[in-house]
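Biologist: Could you walk me through this model before I go back to the bench? I'd like to start with how the parts are named.

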Amino acid sequence: MAAPLVSDELWEVIEPLIPKREPSPDGGRPPVDDRAALTGIIFVLKSGIPWEMLPQEMGCGSGMTCWRRLRDWQAAGVWDALHHELLNRLCAADQIDWSRAAVDSSSVRAVGGGQKTGPNPTDRRKPGSKHHVITDGNGIPLNVTVTGANRHDVTQLLPLVDGITPVAGKPGHPKQRPDALYADRAYDSQPHRDELKGRGIEPHLAKRNTEHGSGMGVYRWVSERTLSWLHQFRRLRVRFDRRDDIHEAFTTLAESLICFRTLSEGFC
């Protein structure tokens, strides 16, 4: 029998983060169970199917019901809180390598356009979005941002670094900054090197027209692997959601599922 999409262990982590709903004074049909709705959301994320094609025999309610839960939980900060909680647990298990981090990006087609999309220079200027990721030294996603496909990579370097949530789990102050940061030539910028040094981060940004010296094949590959993991979730491989909050909700949930898998299986 196939493993459930929402295991007991995953539900134990996320259930306390979901806002409790007050019963309707007017009665009526009881709402779809939160765990069932989460199962439908993850099924759409992994399979990439349209919401209206969510199989009714799964018992997750309608696709629109699951869409509303995804939207409402995004607005309530559930997905960010889930990612933060899992990072804390990974830190407590000594599975986050703060000695270095790596950044990279990857573009995906955005069918129908929408918010945070733009003409993709690598896809005949068709509408697209770009996923920017920063990982720890093992490839654990610390932060992901979404922009239009025409945004330059370096514009997201500092937002990625500054967007890392303070990670607790060990005695002392929460950790938020890696010791070093590796990136390819798309991030070549002296002002950004200076900004990173000001944050106590040693920059290893490859320089244009020089031999590779930023850890290609040694350190940076983990960010490329993490982007590959993200795009194994078919709803992220091609963007169908015109609303950026919905696409970002899927992205953060995918981050969290990668963290949960790492925590459960103890690998990177």
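Modeller: Helices and strands here are DSSP runs, with at least four residues for a helix and at least two for a strand, and they are numbered from the N terminus. Please keep in mind that this is a predicted model. As an example of the naming, Arg-125 lies in the loop between strand S2 (118-119) and strand S3 (127-136).

Biologist: How many helices and strands does the protein chain come to?

Modeller: The protein chain comes to 9 helices and 7 strands.

Biologist: And what about Arg-125, buried or exposed?

Modeller: Arg-125 is exposed, since its relative accessible area is 59% and the cut-off for exposed is over 50%. Arg-125 also has a positive phi of about 60°, although it is not a glycine. That stands out because most residues other than glycine have a negative phi.

Biologist: Which other residue has a positive phi although it is not a glycine?

Modeller: Asp-94 has a positive phi, also about 60°, and is not a glycine. Asp-94 sits in the loop between H4 and strand S1 (101-110), and with a relative accessible area of 55% Asp-94 is exposed.

Biologist: Changing topic, what is the radius of gyration of the protein chain, and what would a compact globule have?

Modeller: The radius of gyration is 19 Å, and because a compact globule with 268 residues would have one near 18 Å, the two agree. Taken along the principal axes, the C-alpha atoms fill a box of roughly 65 × 50 × 40 Å. Of the contacts in the chain with a separation of 6 or more, 66% are between residues 24 or more positions apart.

Biologist: What about the surface and the charges?

Modeller: The accessible surface of the protein chain comes to about 13,000 Å², and 50% of that area belongs to carbon and sulfur atoms. As for charge, there are 35 positive and 34 negative side chains, and the centres of these two sets lie 6 Å apart.

Biologist: How much of the chain counts as buried, then?

Modeller: Of the 268 residues, 50% count as buried. The largest nonpolar core has 62 residues, and the members that touch the most other members are Ile-41, Trp-79, Ile-134, Leu-181 and Phe-250. Helix H9 (residues 244-265) gives the largest share of this core, with 9 residues. In soluble globular proteins, nonpolar side chains tend to be buried together.

Biologist: What is Trp-79 in contact with, leaving aside its neighbours within four places in sequence?

Modeller: With those neighbours left aside, Trp-79 is in contact with Ile-14, Leu-38, Ile-41, Leu-70, Trp-73, Gln-74, Ala-249, Thr-252, Leu-253 and Ser-256.

Biologist: I also keep looking at His-83. Where is the place of His-83?

Modeller: His-83 is in helix H4, which runs over residues 78-92. His-83 counts as buried, because its relative accessibility is 6%. Apart from neighbours within four places in sequence, His-83 is in contact with Pro-141, Leu-142, Asn-143, Thr-252, Glu-255, Ser-256 and Cys-259.

Biologist: And helix H7, how many of its residues are buried?

Modeller: Helix H7 (residues 221-231) is mostly covered, with 8 of its 11 residues buried. Among them are Arg-225, Trp-229 and His-231. What covers the buried residues of H7 includes S1, S3, strand S4 (141-148), helix H8 (234-237) and H9.

Biologist: Let's stay with S4 and S1. What can you say about Thr-145 and Ala-110?

Modeller: Thr-145 is in strand S4 and is buried, with a relative accessible area of 15%. Leaving aside neighbours within four places in sequence, Thr-145 is in contact with Lys-130, His-131, His-132, Gln-156 and Leu-160. Ala-110 is found in strand S1 and is also buried, with a relative accessible area of 2%. With the neighbours within four places left aside, the contacts of Ala-110 are Thr-117, Pro-127, Gly-128, Ser-129 and Arg-239.

Biologist: Last one: where is Arg-185 found?

Modeller: Arg-185 is found in the loop between strand S5 (180-183) and helix H6 (190-198), and at 26% relative accessibility Arg-185 counts as partly exposed. Arg-185 and Gly-63 are 122 residues apart in sequence, and their C-alpha atoms are 42 Å apart in space.

Key. Residues numbered from 1 in each chain as written. Predicted model: local features only at pLDDT ≥ 70, side-chain atom pairs only at ≥ 80, totals over all residues. Heavy atoms only, no water. Core = buried A, V, L, I, M, F, W, Y, C linked by side-chain atoms within 4.5 Å. Buried < 20%, exposed > 50% of the residue type's maximum accessible area, 1.4 Å probe, protein only. Contact = heavy atoms within 4.5 Å. Rg over C-alpha atoms; globule rule 2.2 N^0.38 Å. Areas by Shrake-Rupley, 256 points an atom, 1.4 Å probe, with all protein chains shown as cover. Lys, Arg positive; Asp, Glu negative; His and termini not counted. Charge placed at Lys NZ, Arg CZ, Asp CG, Glu CD.
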